[in-house]
Amino acid sequence: MKKLLSVMLASAVLLTACGGGGGESESGQSAETNEITVWAWDPAFNIAAMNKAKEAYAEVNPDVTVNIVENAQNDIVQKLNTGLNSGSTKGLPNIVLIEDYRAQSFLQSYPDAFYELTDVINAEDFADYKIGPTSVDGKQYGVPFDSGVTGMYVRTDYLEQAGYTLEDLQDIDWKQYIEIGKDVKEKTGKAMLTQDPNDLGIIRMMIQSAGSWYTAEDGSTPAIADNAAMKTAFETYKEMMDSGIVKVISDWSQFVGGMNSGEVASVPTGNWITPSIKAEASQSGQWAVAPLPTLPGVEGSVHASNLGGSSWYVMNVDGKEAAAEFLKQTFGSDVDLYQTLNTDVGVIGTFKAAAEGEAYKAEDEFFQNQKVVSDFAAWTEQIPNVNYGLNTYAIEDILVVAMQSYLGGQDLDAVLADAQTQAETQIR
């Protein structure tokens with residue numbers, strides 16, 4: 001998974017399926033149900049995972065052809081929005097992968113465009129926090145896919161030089177984390193973490209750990225000015241930036257470079273960073289993973305949160321039944337498939353039963369034989385369920401500017417009040 005970037009409200013990423021065989025219907029899809037074409041981004045992750053599902057499905061349904069086509073994210077966004085805005089289903093997908101932060105904007109804006117999966121999968125089989133983004137009014141539309149569950153990747157050798165062990169990080173809040181970071185910086189000269197001031201991923205992690213989001217529980221009303229978790233997250237972020245423990249970066253390559261070069265002692269982020277950390281094989285045995293710190297002073301904050309993640313959807317076009325059956329038998333129920341996805345692709349799914357498989361229980365030599373996948377699976381179960389609503393990225397664009405104002409010395413209450421007003425005006 002790539003670093004999440006701020007994008008416009010309606011942006012989404014998807015997989016598309018076009019029919020094959022016999023003549024096309026008005027929708028542009030084939031009336032035949034033995035061919036599914038899938039559009040996806042990220043060949044190393046999403047496409048690789050879909051290929052594994054395709055292989056598994058072929059063993060029990062050899063007559064169904066699954067075509068997987070790579071598309072650039074922006075091209076896919078344009079095609080989906082153009083088609084749905086026009087009211088025509090011609091050329092639209094059978095199956096679509098949408099990032100969880102953006103799902104509600106599509107499901108609620110185009111309620112007739114997606115095929116209901118309530119009777120196709122059992123929503124209770126998946127992590128609770130994934131059900132909010134994938135359902136509307138109690139009706140299930142998505143098959144939850146990967147987990148964006150977060151953790152604290154740490155260099156235990158740097159910790160030890162500063163007088164700490166991994167055990168010392170098992171039950172801390174962000175204030176304690178900052179204090180440990182100061183000791184690490186003093187004793188080792190290493191920054192505790194990197195931060196891109198234009199990327200508020202860490203704010204998302206902080207507030208979701210407390211069961212809060214940019215909007216109220218209805219998913220549409222901005223919740224910024226009177227949001228205790230948001231205010232504490234901003235205060236904590238500023239304290240972190242002012243403490244001297246942060247190496248400021250500006251892009252993804254610098255983010256990965258900071259960890260691979262040994263410049264930072266920890267990386268608080270989603271589990272999808274694991275392959276990037278392990279890419280520097282010389283650091284095997286120097287890393288471990290601790291739970292995410294809690295938000296200090298905020299009641300209910302837990303050591304688990306989310307950053308990213310996506311889910312599969314079936315478009316309401318010809319072939320929808322076949323597409324739904326494909327998802328049901330693969331991502332919707334196949335425990336063995338999830339073991340393969342984890343071993344071969346690095347996917348940590350949100351299908352609860354997968355956690356009992358051998359791949360999820362395996363020790364990882366790189367992380368000092370820690371059962372990191374098992375830990376991440378357990379934390380996935382603890383992630384608070386919040387309503388991402390329709391406007392996550394539109395509001396985040398406003399908050400990025402608000403954060404710069406706050407870091408520049410403006411009063412926090414005034415900054416958040418102004419952000420609240422802007423958000424209300426923009427998404428009215």
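## Exercises on helix faces and strand pairs

Strand β3, residues 95–99, is mostly covered, with five of its five residues buried. Keep in mind as you work that this is a predicted model. Let's begin with that strand.

**Exercise 1.** Work out which way the residues of β3 point, and which residue stands opposite Ile98 in β12.

*Solution.*
- Step 1: Sort the side chains. Ile95, Leu97 and Glu99 point one way from β3, while Val96 and Ile98 point the other way, and all are buried.
- Step 2: Look at the partner strand. β3 pairs with β12 (residues 310–314) in the antiparallel sense, over five bridges.
- Step 3: Locate the residue in question. Opposite Ile98, in β12, stands Ser311.

**Exercise 2.** Decide whether β1 and β2 run parallel or antiparallel, then find the hand of the crossover between them.

*Solution.*
- Step 1: Strand β1 (residues 35–40) and strand β2 (residues 65–70) run parallel and are joined by six bridges.
- Step 2: As one example of the pairing, Ala40 has Glu70 in β2 as its bridge partner.
- Step 3: Follow the chain from β1 through helix α1 (residues 46–60) to β2; this β-α-β crossover is right-handed.

**Exercise 3.** Compare the span of helix α6 with the expected one, then explain where its buried residues lie.

*Solution.*
- Step 1: Helix α6 covers residues 174–188, and its 15 residues should span 21 Å at 1.5 Å a residue; the end C-alpha atoms are 20 Å apart, which agrees.
- Step 2: List the buried residues: Trp174, Tyr177, Ile178, Ile180, Gly181, Val184 and Thr188.
- Step 3: Down the axis of α6, these buried residues fall within an arc of 165°, so they line one face of the helix.
- Step 4: A general rule helps in reading such a list: an α-helix has 3.6 residues a turn, so residues three or four places apart point the same way.
- Step 5: Find the cover. The elements over the buried residues of α6 include β7, α5 (156–161), α7 (201–209) and β10.
- Step 6: Check both ends. Asp173 caps the N-terminal end, with a side-chain oxygen 3.0 Å from the backbone nitrogen of Lys175. After α6 comes Gly189, whose phi is positive, near 80°.

**Exercise 4.** Repeat the analysis for α16: what are its buried residues, and what do they pack against?

*Solution.*
- Step 1: Leu412, Val415, Leu416, Ala419, Gln420 and Ala423 are the buried residues of α16.
- Step 2: They fall within an arc of 140° when seen down the axis of α16, so they line one face of the helix.
- Step 3: These buried residues pack against α8 (228–242) and α15 (392–407).
- Step 4: Asp411 caps the N-terminal end of α16, where a side-chain oxygen lies 3.2 Å from the backbone nitrogen of Asp413.

**Exercise 5.** Explain why Thr274 counts as buried, and find which residues are in contact with Thr274 beyond its neighbours within four places in sequence.

*Solution.*
- Step 1: Thr274 is in helix α10, residues 274–278.
- Step 2: Thr274 has 15% relative accessibility, so this residue counts as buried, because the cut-off is under 20%.
- Step 3: Leaving aside neighbours within four places in sequence, Thr274 is in contact with Tyr153, Phe367 and Phe376.
- Step 4: The side chains of Thr274 and Tyr153 are also joined by a polar contact of 2.6 Å.
- Step 5: Follow Phe376 into helix α14 (residues 372–380), where Phe376 is one of the buried residues. The buried residues of α14 pack against elements including α10 and β7 (150–155).

Terms used:
Residues numbered from 1 in each chain as written. Predicted model: local features only at pLDDT ≥ 70, side-chain atom pairs only at ≥ 80, totals over all residues. Heavy atoms only, no water. Buried < 20%, exposed > 50% of the residue type's maximum accessible area, 1.4 Å probe, protein only. Helix = DSSP H or I, 4+ residues; strand = E, 2+ residues; numbered from the N terminus. Arc of directions from axis to C-beta. Contact = heavy atoms within 4.5 Å. Polar contact = N/O pair within 3.5 Å; in protein donor to acceptor, adjacent residues only side chain to side chain. Pairing = 2+ DSSP bridges. Right-handed = clockwise from strand over helix to strand, strands pointing away. Expected span 1.5 Å × (residues − 1).
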